[in-house]
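Below are some notes on the model you sent, set out as numbered points. They begin with one local unit and then widen to the chain.

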Amino acid sequence: RLLFRSVRRHHGALLPAAVVLEIKLPRLDGWHVLAELKADDDTAAIPVVIASVVDDRLQGQTLGAAVQLLKPVSRDDLIDALRGVGALAKEGAVDG
């Protein structure tokens with residue numbers, strides 16, 4: 001619940017551009033975390049990138065994950081995924 005309170009605390013402030021989620025968490029079920037993020041009006045629009053040893057693309061798609069990467073994940077693949085969901089500027093893009 002700490003995760004959800006942390007994200008909700010930012011209501012009205014700057015929310016994360018994306019969440020990178022491992023499904024196999026030590027004390028939490030990652031699928032539950034994803035479902036909770038997508039069920040909450042405050043966090044539903046935040047893209048979730050799954051980076052996990054668990055390969056269940058149907059479950060991820062059903063619950064609303066934007067991208068799913070199978071570990072081990074290269075730095076380039078993670079950056080590409082974050083750019084793909086709009087969390088990072090496209091390579092060569094200029095802000096302004």
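1. In this predicted model, strand β1 (residues 19-21), helix α2 (residues 30-39) and strand β2 form a β-α-β unit that is right-handed. The two strands of this unit, β1 and β2, are parallel and paired over three bridges. Within that pairing, Leu21 lies opposite Ile50 of β2.

2. A further unit follows from β2. Together with helix α3 (residues 57-63) and β3, strand β2 makes a right-handed β-α-β unit. Here β2 and β3 run parallel and are joined by four bridges. Ile50 is again a useful marker: Gln68 in β3 stands opposite Ile50. Ile50 thus has Leu21 of β1 opposite it and Gln68 of β3 opposite it.

3. How many of the five residues of strand β2 (residues 48-52) are buried? Five of the five are, so the strand is largely enclosed by the rest of the structure. The burial applies to both faces of β2. On one side the buried residues are Val48, Ile50 and Ser52; on the other they are Val49 and Ala51.

4. Gln68 deserves its own entry. It belongs to strand β3, which spans residues 67-70. Is Gln68 buried or exposed? Its relative accessible area is 17%, and the cut-off for buried is under 20%, so Gln68 counts as buried.

5. Which residues does Gln68 touch, leaving aside those up to four places away in sequence? They are Ile50, Asp56, Arg57, Gly60 and Gln61. Among these, Ile50 is the residue of β2 that stands opposite Gln68. Arg57, Gly60 and Gln61 fall within the range of helix α3, residues 57-63, so the contacts of Gln68 involve both the strand and the helix of the unit in point 2.

6. For the chain as a whole, the count is four helices and three strands. Read from the N terminus, the order of elements is α-β-α-β-α-β-α. The two β-α-β units described above, one with helix α2 and one with helix α3, sit inside this order.

7. Some totals for reference. The protein chain has 96 residues, of which 28% are buried. Of the contacts with a separation of 6 or more, 49% are between residues 24 or more positions apart. The accessible surface is about 6400 Å², and carbon and sulfur atoms account for 53% of that surface.

Notes
Residues numbered from 1 in each chain as written. Predicted model: local features only at pLDDT ≥ 70, side-chain atom pairs only at ≥ 80, totals over all residues. Heavy atoms only, no water. Buried < 20%, exposed > 50% of the residue type's maximum accessible area, 1.4 Å probe, protein only. Contact = heavy atoms within 4.5 Å. Areas by Shrake-Rupley, 256 points an atom, 1.4 Å probe, with all protein chains shown as cover. Pairing = 2+ DSSP bridges. Right-handed = clockwise from strand over helix to strand, strands pointing away.
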